[in-house]
Amino acid sequence: MQNSHSSSDPSLPGSSAGAKDDLTDTGKRATWLKAQEALLKTGALQNAILTSANFSSIATDEKGVIQIFNVGAERMLGYTAAEVMNKITPADISDPQEVIARAKALSAELGTPITPGFEALVFKASRGIEDIYELTYIRKDGSRFPAVVSVTALRDAQGAIIGYLLIGTDNTARKRAEEALLKAGALQSAIFNSANFSSIATDAKGVIQIFNVGAERMLGYTAAEVMNKITPADISDPQEVIARAKALSAELGTPITPGFEALVFKAKRDIEDIYELTYIRKDGSRFPAVVSVTALRDAQDAIIGYLLIGTDNTARKQIEADQKQLAQRLRDHQFYTRSLFESNIDAIMTTDPSGIITDVNKQMETLTDCTRDELIGAPFKNYFTDPDKAETSIKLVLSNKKVTNYELTARARDGKETVVSFNAATFYDRDRRLQGVFAAARDVTERKLLDQVLQEKNVELESSRSVAEKANLAKSEFLSSMSHELRSPLNAILGFAQLMESDSPPATPSQKDSIAQILQAGWHLLKLINEILDLAKVESRQVPLSEEPVSLAEVMIDCQGMIEPQAQQRGIKLSFPLFDTDIFVSADRTRLKQVLINLLTNAIKYNVKQGTVDVSCNVSTPGHIRVSIKDTGAGLNPEQLSQLFQPFNRLGQEAGGEEGTGIGLVVAKRLVELMGGIIGVESAVGTGSIFWFELNSAAEPQIVAEETAIAGTATPLRPPFGSRAARIHTLLYVEDNPANMKLVEQVIARYPDLSLLTAINGNSGIEIARASLPEVILMDINLPDINGYEALKILRANPSTKHIPVIAISANAMPLDIERGLKAGFFRYITKPIKVDEFMEALEVALDMAETDSA
């Protein structure tokens with residue numbers, strides 16, 4: 001080949017002239033140099049490396065053009081030296097995408113732009129950085145193989161780069177070999193200074209003469225500690241050396257002495273030799289190595305020594321161990337998967353994309369009455385009563401990736417038919433190539449029969465539910481309508497009674513008693529209407545709840561203050577618990593008070609004169625708090641107890657007892673249940689009654705901010721409109737009910753600084769508002785032409801009236817009505833019958849806002 005050099009070239013370190021000069025200049029190292037000169041004298045080391053087929057050794061000029069292409073490169077890459085030398089660079093036989101990626105990675109790492117191509121392969125080496133990397137080489141026939149490449153810059157005596165040496169090992173063959181090339185004297189230095197391989201050269205007897213930096217790094221010895229002292233066998237596992245000698249003796253049919261001879265016996269007979277061996281470091285630690293051995297010969301072909309190039313095989317050994325472990329895990333997983341496959345209650349099968357069965361479990365054998373061998377290889381569709389439908393199921397899986405609850409009827413060999421629910425999905429290999437369909441068929445014969453029965457029952461239930469829902473809806477609508485119709489006349493009754501109560505001149509004592517009776521009856525009637533509405537809301541599940549941790553101590557104090565006057569009127573003594581530690585329940589605070597007030601009111605109402613009501617609180621079961629109200633009333637018999645929580649019961653009224661609707665306890669029961677609790681009663685005639693309810697306990701809430709309020713004092717309303725006496729404020733009231741109109745007119749007439757305009761329908765109200773621009777508008781909702789919402793919308797759309805506050809005054813008093821009104825844009829929503837003080841307070845606030853806006 002063209003890549004050899006004559007050993008007579010005095011410029012080569014191995015030439016006679018070069019060696020002679022070295023000996024003259026460095027006499028103090030005479031012993032070491034004599035040994036090296038003996039090895040290199042005739043170029044034997046150079047020839048051994050150049051002619052080795054274990055490594056691809058490619059040397060280039062400084063521009064990257066290949067100048068040397070050894071036999072190892074020819075063997076690995078398929079090119080002859082003549083086909084590449086002085087023609088291409090190593091980048092031309094490397095994977096282009098990997099070269100681009102390497103250029104990009106190095107540019108980021110070193111902070112300088114690197115051009116994809118040969119520069120990317122040698123950039124580090126050109127800057128004196130030793131470089132070893134993995135790369136994919138492309139052979140002449142287009143095939144590829146992974147390689148580990150070590151790159152070294154070749155320099156002349158002045159340190160200028162004259163080329164590059166790329167030593168590659170076929171990584172597919174587990175990095176078997178290292179090859180070195182010599183060029184212009186720089187190549188030899190590059191090999192022996194590389195830390196990537198251990199290069200050990202011995203004399204003919206095996207005594208180490210050269211021990212490079214790679215050997216020092218791997219084994220922990222310095223060159224001085226081993227040269228001319230030991231053989232490579234002394235740093236190798238002795239048992240492995242003995243085993244190798246024994247194996248070679250058997251293989252070659254000749255006795256081989258354990259020791260250095262066992263390491264070089266094949267190379268000594270010109271047999272290419274690469275083997276695995278455990279090296280022992282200076283500190284006693286061990287590592288696996290792959291060793292390539294070459295005999296060094298002189299010009300007369302006599303052996304003058306041996307070259308052992310080793311690579312650390314730890315990583316590959318770890319990979320092998322991991323692969324072995326992975327293989328075992330894979331076998332375990334396959335066994336696990338098969339166990340799942342067989343233990344499934346469904347008939348499981350896999351098919352190829354064309355629907356041919358590839359595997360089944362025992363349940364599939366039972367379903368078809370066929371053996372596994374009979375099923376595998378047969379068309380899936382053959383085992384169903386409708387083959388076309390079965391075939392369609394496979395097509396659906398392939399197009400949609402899965403199918404669920406696809407009904408088929410399987411037919412066994414003996415003719416038995418089974419309705420199955422077919423569920424399937426496609427499955428793929430690791431490269432996402434379609435392998436087929438994984439399917440499960442579940443016997444749903446019994447479920448089909450049950451579904452049929454349930455369907456018939458559901459039809460009956462749906463019919464019953466529909467009737468019940470319609471009846472419930474009709475009842476709620478009736479109650480809501482009745483409430484509205486009662487509130488309108490009640491508004492006039494209570495409103496005029498409030499005016500008479502505070503009229504001037506004052507009423508006579510007899511008139512005051514009559515007025516008081518009117519107010520008492522009116523407010524009682526309003527209470528009954530509200531109870532009816534509460535029942536409608538609860539039964540239609542329109543009660544908004546805001547559950548939170550609620551302090552029972554706080555609720556008890558509030559309820560005690562509210563109920564105490566009623567108890568004093570009847571001479572009833574109330575007893576509430578004292579809490580050493582506060583107890584919290586999960587509840588809506590407002591609704592909890594409503595329940596407790598209802599039970600306390602009943603306990604007072606149905607008690608004996610000078611009786612007692614005791615309230616207690618305790619933990620009933622873990623996580624539940626019970627509140628009990630015990631009275632000293634007449635008690636209830638079993639029949640009365642059975643009717644207690646039924647709406648509109650007449651308990652307590654049979655003998656002219658207390659009045660009521662009989663729905664308070666029903667509402668209380670529904671509210672407790674909506675808050676996740678239960679309610680009950682214990683009673684017997686003559687012993688009084690204990691009403692109780694239980695709620696879920698709650699953790700004490702974390703107090704983020706604390707606001708303090710002074711309890712026990714009430715701030716009286718300031719006299720309205722006193723600050724506005726200087727001018728007249730115009731109001732507009734839109735109302736079609738004459739009595740309600742008259743009431744508001746009389747209320748407003750008491751204030752000389754207020755002027756009231758009126759309209760009896762929405763359209764006329766809008767016209768008056770545009771013409772007069774009142775400061776506040778009072779608006780009924782149910783008007784004869786357009787309703788209050790439509791009127792509000794028209795007022796808001798007009799620039800001249802959109803700023804005027806509009807207060808709704810309506811008998812539509814459901815919570816949803818109030819919420820709807822406020823969302824629509826009403827400034828306030830006052831329900832009928834009005835309370836004069838609350839009405840005037842809302843009017844004052846609206847006038848304040850109107851005055852602020854005008855300012």
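These exercises work through helix packing, burial and backbone geometry in one predicted model.

Residues are numbered from 1 along each chain as its sequence is written, and side-chain values use heavy atoms, with hydrogens and water left out. Because the model is predicted, local features need pLDDT of at least 70 and side-chain atom pairs count only at pLDDT 80 or more, while totals for chains, interfaces and linings use all residues.

**Exercise 1. The chain as a whole**

Task: State how many helices and strands the chain has, and what share of its residues is buried.

Solution:
- Step 1. The secondary structure comes to 27 helices and 27 strands. Helices (H or I, at least four residues) and strands (E, at least two) are DSSP runs, numbered from the N terminus.
- Step 2. Of the 855 residues, 44% are buried. Buried means under 20% relative accessible area, exposed over 50%, and partly exposed in between (1.4 Å probe, protein chains only).
- Step 3. Take the contacts in the chain with a separation of 6 or more: residues 24 or more positions apart account for 58% of them. Contact means heavy atoms within 4.5 Å.

**Exercise 2. Packing of α24 and α25**

Task: Describe how helix α24 and helix α25 cross, and name the residues that make the contact.

Solution:
- Step 1. The axes of α24 (residues 762-772) and α25 (residues 788-797) come within 10 Å and cross at roughly 25 degrees. Axes are lines fitted to C-alpha atoms, for helices over the stretch in contact, and angles run from 0 to 180 degrees between N-to-C directions.
- Step 2. The two helices are therefore roughly parallel to each other. Angles under 35 degrees count as roughly parallel, over 145 as roughly antiparallel, 65 to 115 as roughly perpendicular and the rest as oblique.
- Step 3. The crossing of α24 and α25 is right-handed. A crossing is right-handed if the near helix is turned clockwise from the far one by less than a right angle, and left-handed if anticlockwise.
- Step 4. I766, A769 and R770 of α24 meet A791, I794 and L795 of α25.
- Step 5. Sorted by class, this contact has five nonpolar, no polar and one charged residues. Ala, Val, Leu, Ile, Met, Phe, Trp, Tyr, Cys and Pro count as nonpolar, Asp, Glu, Lys and Arg as charged, and the others, Gly among them, as polar.

**Exercise 3. Two left-handed crossings**

Task: Give the geometry and the residue classes for the pair α20 and α22, then for the pair α6 and α7.

Solution:
- Step 1. The axes of α20 (residues 589-605) and α22 (residues 664-674) come within 9 Å and cross at roughly 145 degrees. Their crossing is left-handed.
- Step 2. R591, Q594, V595, N598, L599 and N602 in α20 touch G664, L665, V667, A668, L671 and V672 in α22. The classes are seven nonpolar, four polar and one charged.
- Step 3. α6 and α7 (residues 118-126) pack at about 35 degrees, with axes 8 Å apart. The crossing of α6 and α7 is also left-handed.
- Step 4. V99, R102, A103, L106, E109 and L110 of α6 contact A120, L121, F123 and K124 of α7. Here the classes are seven nonpolar, no polar and three charged.

**Exercise 4. Burial of α12 and E735**

Task: Show which residues of α12 are buried and what covers them, then place E735.

Solution:
- Step 1. Seven of the nine residues of α12 (residues 260-268) are buried. They are F260, A262, L263, V264, F265, K266 and A267.
- Step 2. Their cover includes β6 (198-203), α11 (238-252), β8 (273-280), β9 (286-297) and β10 (303-312).
- Step 3. E735 lies in the loop between β23 (729-734) and α23 (738-749). E735 counts as buried because its relative accessibility is 1%.
- Step 4. Leaving aside neighbours within four places in sequence, E735 contacts N740, M741, A759, I760, D780, L783 and K832.

**Exercise 5. Backbone exceptions**

Task: Find the phi of K401 and N405, and the peptide bond type between K832 and P833.

Solution:
- Step 1. Most residues other than glycine have a negative phi, and most peptide bonds are trans.
- Step 2. K401 has a positive phi of about 75 degrees. K401 sits in the loop between α16 (387-400) and β13 (402-411), and is partly exposed at 48%.
- Step 3. N405 has a positive phi near 50 degrees. N405 is in strand β13 and is exposed at 57%.
- Step 4. A cis peptide bond joins K832 and P833, with omega about 0 degrees. P833 is in the loop between β27 (828-831) and α27 (836-854).
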